[in-house]
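Visitor: Please take me through one part of this model in detail, namely the surroundings of the ligand. A brief look at one residue elsewhere in the chain would also help.

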Amino acid sequence: MKILVFTEKPFAPAAVKAIENTINASGNELELVEGGTRADLLEAVKNAEGLIVRSDKIDGEVMDAAPKLKVIVRAGAGFDNIDLEAATKHGICVMNTPGQNSNAVAELVFGMVVMMCRNMYNGKSGTELKDKSLGIYAFGQVGRNVARIAKGFGMKLEALDKFVPDAVMEGEGVKPVHTPEELFANNFVSLHIPATPETKKSIGYDLMMKMPQGGVLINTARKEVIDEEGLMKALEERPDLRYVSDIKPDAAEEFEQKFASRVFFTPKKMGAQTAEANFNAGVAAAEQVIAYLKDGWNKYQVNK
Ligand code: 3PG
């Protein structure tokens, strides 16, 4: 059976090799398309029974072009790029690979925070993370890795997640809070919420204005969760606030013009772009597609 790996942003070469070996060893056939266009996707998907993607947009049109497609695995955590309703209508199982790239994302949080706190390494005196407080918004796989690393920096930790019992957070040495307002009273807030109708544009002016002097908002989640107008207004009124994001906001140029080194955006989403995360998520995705095609294994199905 043909398994198509279609990624706009390529996996590391060692990950591609491992995916290829895994698929070959299962007796299936790999087709790899890296950096392809939408037309390439529509063509390549024609004979595919399994599909592995990253943040690549997979909608009803792609599924219409893929009459044999049975399973899509998003090699990564967020699956807001896949039209789940359309997949269900087409009888296609959609899975993600939870946890496989979470350490990479968590490490980038601190890479960006230290850079911001040391003024982009411009030689001017900066600040430290030790004894500062960090609010973790969503205590899933990434949030827990962020907590683990933050402890090494000597930070005080709080987290907000209505799906995680307080005792779980307390067991990790993290103080649970129950409202976004409480969370935004921390020196740093790191976002790990998915982009859903409920969370879209949910972080804006009011919450930013709750941050203490020198507050830094870190977004390695999705740009859609930010109310950009509200954030901009807060940054205008409070010259002490800063924003770092692993993805450019829609109004990136305006943010950069207005706030210069108080904002930082990666040019492309880089959180999961490490050799290790590519390897883990890519191989897990290959194994999950193979297992589904073989005997319907669907542990991480997200369109039930
Ligand atoms: C995820 O949801 O897993 C991350 O945002 C990584 O996305 P990427 O695979 O497109 O880098």
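Guide: In this predicted model, an oxygen atom of the ligand lies 2.4 Å from an N or O atom in the side chain of serine 55. The protein buries 95% of the 320 Å² that the ligand exposes when taken alone. Lysine 9 also takes part through its side chain, where an N or O atom is 2.8 Å from a ligand oxygen. With glycine 78 the backbone is involved instead: one of its polar backbone atoms is 2.8 Å from an oxygen atom of the ligand.

These three residues belong to a shell that also holds Arg54, Arg74, Gly76, Ala77, Asn101, Arg222, Lys269 and Ala272. Sorted by class, the shell has five charged, four polar and two nonpolar residues. Among its members are the arginines Arg54, Arg74 and Arg222, along with the lysines Lys9 and Lys269.

For the residue elsewhere, take valine 45, found in the loop that runs between α2 (38-44) and β3 (50-53). Its relative accessible area is 0%, under the 20% cut-off, so valine 45 counts as buried. Apart from neighbours within four places in sequence, valine 45 is in contact with Leu4, Leu51, Val62, Ala65 and Ala66. Phenylalanine 6 is 39 residues away from valine 45 along the chain, and the C-alpha atoms of the two are 8.9 Å apart.

Conventions:
Residues numbered from 1 in each chain as written. Predicted model: local features only at pLDDT ≥ 70, side-chain atom pairs only at ≥ 80, totals over all residues. Heavy atoms only, no water. Near = heavy atom within 4 Å. Polar contact = N/O pair within 3.5 Å; in protein donor to acceptor, adjacent residues only side chain to side chain. Areas by Shrake-Rupley, 256 points an atom, 1.4 Å probe, with all protein chains shown as cover. Nonpolar A, V, L, I, M, F, W, Y, C, P; charged D, E, K, R; others polar. Helix = DSSP H or I, 4+ residues; strand = E, 2+ residues; numbered from the N terminus. Buried < 20%, exposed > 50% of the residue type's maximum accessible area, 1.4 Å probe, protein only. Contact = heavy atoms within 4.5 Å.
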